[in-house]
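Here are my notes on this one, as numbered points. Have the structure open while you go through them.

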Amino acid sequence: MQPDAIVLENVSVTAHHATILHNLSLRVAHGSFVGVLGPNGAGKTTLLNVINGLIRPSSGEVTVLGKKPFQWEGHRLRSEIGRVAQAEPVDRRLPITVRETVLVARYGRLGWLRRPGPGDHARVNEALAAVGMESFATRPLGHLSGGEYQRVAIARALAQDPRLFLFDEPTASIDPRVQSEIVALVEEIHAARGVTSLYVTHDLATLPKTCETVILLREGRIWASGPREAMLEEARLAALYARNSATGTPA
Amino acid sequence: MGAMFEHTFMQHAALAGLCAGISCGLMGVFVVIMHLSMLGICIAHAAFAGAMLGILLGFEPLWGALVFSLAAAAFVGPLADRGQLNPDSAVGIVFSFMLGLAFLFVGLTPGAKTHALSLFWGSILTVSTTDLAYLAAVTALIVVLLVLFFKEIQAVVCHRRVAFAVGIPATVVFYGLLFATGATVAVSLRTVGGLLIYSLLLNPAAAAFQLTFSLKWMFFLAAAFGVFSCWLGLAGSYFWDLPTGASIVIASSLLFAAALAVSPKRRMTTWRR
C-alpha cells in the first residue's frame, strides 16, 4: 500500500510569541481532493507553508510525498509540488512574459546548468492551453488582470507536472464571475489528473464541489474533519465562523 | 577624439570604464528590479570603510573594501529574511553602521585625508594595471555566472517566492547576487569612488528598465548604458576639464532622463492585444 501523500504529526508553529498551529496532526491519501475551510487567521496558509517547506514548525514531524521538506532534499520536494497562491500585485514594468513565468516551473526539476529543452517548452504550451491562456503567452506578466494572473499561476503549477497541488485561496480578491471559472478549472484539473490536491479557502462559496474530504480549521487547530456533506452542515459552519471561540465547539 | 587615447592613462581609464560600466550595469538590474536601491549605497560605504581601515592599518585597501562589502552583503540577506524587516530597512541599518565606521576610520587616519577623498570621489584617470586586472576579472566572472545561471537569476529577480516554491534554491541565488554586488562595488571603488558608484549601479539599470519587457535585453542595455556613461563622462572630463567622477554620474543621470522620456512603459496605460 502506498503511504499517505501528506503526514503531519503533532505539528506546532510559533511566530512572534504566538502559536499559529497547535499540535496539528493530519493525513492526506494519494489522489484525494481535500478542502480546508476556516475563518481568517485560522492558520490555513501557515498549514500550506509548512507542507511546502516555507515555514519550519517549532515542533512535530512533517512528511510530504515521502520526503522531509526541511532537509537538503527540500528543493527537490518543492519541484514536485505545484502551489497556486493568492493573486498579488505585480509591477506592470516587470521584465518577464507569461510564457517565461510558466517556464520557471520547469527550472526546479531541471536543476543548475541545464537549459530547458523542447520537452519543457511543449509542457509550457500544454499548460497555457489547459487554462486558456495561449494567446497571452508573449504578454508581460504585470499586464494581466487578477483572474488572468491566477490562470497563469495555475498553468505554472501544471507545467511542474506536480505530484501534489496546493491551492491557497486562489480566488481571493477576484470578481465572483471569474472566481467560479477558476474553481471550475481546479475541479477540471483534479478530475483529469487525479493528483493529490489541498484547496484552502475561507469562503464556502469558492470551495470546489468535488472535494471529497473537508477539514475545518479554527485558531490553528483541526476543529473537525470528514466527508464534505457532513462538514458543510449549516449548524456546524455557523459554529465554525462564530466570533467567540467559546461558542464554537465542534459539532 | 583619437588624441584622447594616445595617453596610456586614458587607455586605462577607458578600459576601467568598460569593466565598471558592464559590472555595475549588470548588478544594477538586480538592484532595480528587486527594489534594493539602498543596497548600492550601503555596500559602497561598507567598501569605503574597509578601504579606509586598510589605509589606517597599512594593508591593501582593495582587500579591506572586498571583505567589508562582502560582509555587508552577508548581513543584509539574513537581516531581511529572518529579522522581520523589509529588505530596504535591513539595508538602511547596515548602511548607517558602515557610514559610522567609515567616518571613524577617516577620523583616526593621521595626516592629510587625500587617500580618503580619492576613495570617496574615485580617480579613474589614475587607475593602476593591478586595479584594472581585478576589475576585469570580477567583470568577466559576473558575465560568466550570469550566462550560466540566467534561468535561476531570472526566476529569483522577477518573483523570488515563486522561484522558491517551484524548487529553485532561491536563497542561495539571492545571496549570490548580494555577494556579486559587493565584489563589483569593492573593485570599482578606486575607479568610480564610494559616493559615485551608487549612481553607476542604479542609473543605467533604471534606464534599461524603462525600455524593455525582456530581462535579457535589460541586462544588455544596462551594461551598454553603464559603459556609455563612463565613456561619455571621460570624454567630458578630457575635453572640458570637468571632474571625471561627477561627469560619469551626470552622464548616467541624463541617460536615465532620456530613457524615461521615450519609455514605452510610461506611455502604456493599457495593454492592447
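1. Is the crossing of helix 2 of chain B and helix 9 of chain B left-handed or right-handed? The crossing is right-handed, a term for the near helix being turned clockwise from the far one by less than a right angle (anticlockwise would be left-handed).

2. A word on the basis: this is a predicted model, with local features needing pLDDT of at least 70 and side-chain atom pairs pLDDT 80 or more, while totals for chains, interfaces and linings use all residues. Residues are numbered from 1 along each chain as its sequence is written, with chains lettered from A and ligands numbered from 1 in the order written.

3. Back to that pair: the axes of helix 2 (residues 37–57) and helix 9 (residues 170–192) of chain B come within 9 Å and cross at roughly 50°. The two helices are therefore oblique to each other (not under 35 degrees, over 145, or 65 to 115). Helices here are DSSP runs of H or I, at least four residues, numbered from the N terminus.

4. On the helix 2 side of chain B, the residues that meet helix 9 include B:L39, B:I43 and B:F48; their partners in helix 9 include B:V185 and B:L189.

5. Now the interface: 21 residues of chain B are in contact with 22 residues of chain A (contact: C-beta atoms, placed from the backbone, within 7 Å). Helix 7 of chain B gives the largest share of chain B's side, five residues.

6. As for chain A, the C-alpha atoms fill a box of roughly 55 × 40 × 40 Å along the principal axes.

Definitions and conventions: Contact = placed C-beta atoms within 7 Å. Axes fitted to C-alpha atoms, helices over the stretch in contact; angles between N-to-C directions.
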